[in-house]
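Reader: Before I go back to the bench, I would like to go through this model with you, one question at a time. Could we begin with the terms and then turn to the details?

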Amino acid sequence: MAVDRLLAILTTLMGRGETTAGQLAQRFEVSVKTIYRDIQKLCLAGAPIVTQRGSGGGIKLMEGYALDKSLFTPRERQDLLSALQALAASGQPGAENLLCKISALFQPGERAEWLRIDLSPWGSGLGTENLFNRLRDAILEHRKVAFDYIGSTGARSGRVVEPYQLIYKGGGWYLSAYDPLRSAQRLFKLSRMRGIRPGPECFEPRPFEDIPADNPYQGPDSVRLLLRFERRAEFRLPDEFPDEMLARLADGRFLAWPRWRIDDWVYGYLMSYGDMVTVLSPGYVREELIRRTQAALNRQEKSEIF
């Protein structure tokens, strides 16, 4: 997500002192063009970033704005690490004040409140302080977590897992955990978890490898789609498709070619674009999308108003 990448770029500049757009693009797996757009956004937000093109050039913060560790207590440094890992919205003690200190790095001696990070969803959904605190405590205390999980087919199953990490990726929260039912490490999307219950039973941590939070709708049974979007959809496309999977046509419309496993989520996602998307291939996806759209229209026409 763009806000995660902006913060990560900022902390990279604090740590390294100087880097290049190419190095940042490789690290965050985006194009150099995207990195330059991110740098422009940071500059507009007030970050004192200096760029120099050509041989020997690079990207760095203005001198005098390096992160001084002595400004923070050991506990605050730990909270800073947690905040930079996208947990600032979890309600950890001192996190809000810590973010003010981060922003103050760019306005020394002044009260600066230009930066606010809140990755929780709108409303009172899954991003509440209570939920994140419970999962955080379960991870740190090595306590098993029980919940009901809604799979891609809509089937619900009970799970008891060993939690290791909370991951924010692609606009959604995931719990990375060892699942004894599958005898493997798994990613569980929080929006599909119901009745999350950290239990009293503890576990001995296993050798654990980071699981990349890839698109859960990709896999060996995924297929390549070819989608055409109207110009009116441009406001959504940069956030939902990487540059290498999106192209602008001569008439201003867009082509996208994602590779997804076809299920209810995919059809619901495509229907969210309304008349702004056309499925060019495969044909069976286009036909099913037409059927579902027509069924939804019929349902609305036949439904009775209270």
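Author: Helices and strands are here DSSP runs, a helix being H or I over at least four residues and a strand being E over at least two, and they are numbered from the N terminus. Please keep in mind that the model is predicted.

Reader: With those terms in hand, in which loop is E29 found?

Author: E29 comes just after helix α2, which covers residues 21-28, and helix α3 covers residues 32-44. E29 is therefore not part of either run as helices are delimited here, and its place is the loop between α2 and α3.

Reader: What is the phi of E29, and is E29 buried or exposed?

Author: Although E29 is not a glycine, its phi is positive, at about 60°. A residue counts as exposed when its relative accessible area is over 50%. For E29 the relative accessibility is 65%, so the residue counts as exposed.

Reader: Which residues of α2 are buried, and on which side or sides of the helix do they lie?

Author: The buried residues in α2 are A21, L24, A25 and F28. Around the helix axis they cover an arc of only 100°, and therefore they lie on the same side of α2. As a general matter, an α-helix has 3.6 residues a turn, so residues three or four places apart point the same way. The buried residues asked for are thus A21, L24, A25 and F28, on the same side of α2.

Reader: How are α2 and α3 oriented where they pack, and which residues make the contact?

Author: The two helices pack at an angle of about 105°, with their axes 8 Å apart. Angles of 65 to 115 degrees count as roughly perpendicular, so α2 is roughly perpendicular to α3. The contact is made by V32, I35 and Y36 of α3 together with A21, G22, L24, A25 and F28 of α2.

Reader: How many residues of that contact are nonpolar, polar and charged?

Author: Gly is counted among the polar residues in this scheme, while Tyr is counted as nonpolar. On that basis, the residues of the contact of α2 with α3 divide into seven nonpolar, one polar and no charged.

Reader: Which strands stand at the edges of the sheet in the order β1-β3-β2?

Author: This is an open sheet of three strands with antiparallel pairing. Strands β1 (18-19) and β2 (49-52) each have a single partner strand, so one side of each is left without a neighbour in the sheet. Between β1 and β3 (residues 58-61) there are two bridges, and T19 stands opposite I59 in β3. The strands at the edges are β1 and β2.

Reader: With which strands does β5 pair, and over how many bridges?

Author: Strand β5 (residues 156-169) pairs with β4 (residues 143-150) in the antiparallel sense over six bridges, and D148 stands opposite G158 of β5. Its pairing with β6 (residues 172-179) is also antiparallel. The partners of β5 are thus β4, over six bridges, and β6, over seven bridges.

Reader: Is E162 buried or exposed, and what does E162 touch?

Author: E162 is found in strand β5, and its bridge partner in β6 is Y178. Buried means under 20% relative accessible area, and E162, at 5% relative accessibility, therefore counts as buried. Not counting residues up to four places away in sequence, E162 touches K144, A177, Y178, F203 and R206.

Reader: How far apart in space are F132 and L166?

Author: F132 lies in helix α6 and is buried, with a relative accessible area of 2%. In sequence, F132 and L166 are 34 residues apart, whereas their C-alpha to C-alpha distance is 8.7 Å.

Reader: Where is H142, and what is its phi?

Author: H142 is placed in the loop between α6 (129-140) and β4. With a relative accessible area of 33%, H142 is partly exposed. Although H142 is not a glycine, its phi is positive, at about 55°.

Reader: Which residues does a cis peptide bond join?

Author: P282 lies in the loop between β14 (277-281) and α9 (283-302). The cis peptide bond, with omega at about -5°, joins S281 and P282.

Methods
Residues are numbered from 1 along each chain as its sequence is written. This is a predicted model: local features need pLDDT of at least 70, side-chain atom pairs count only at pLDDT 80 or more; totals for chains, interfaces and linings use all residues. Side-chain values use heavy atoms; hydrogens and water are left out. Two strands pair if DSSP finds at least two bridges between them. Buried means under 20% relative accessible area, exposed over 50%, partly exposed in between (1.4 Å probe, protein chains only). The arc is that of the directions from the helix axis to the C-beta atoms. Axes are lines fitted to C-alpha atoms, for helices over the stretch in contact, and angles run from 0 to 180 degrees between N-to-C directions. Angles under 35 degrees count as roughly parallel, over 145 as roughly antiparallel, 65 to 115 as roughly perpendicular and the rest as oblique. Contact means heavy atoms within 4.5 Å.
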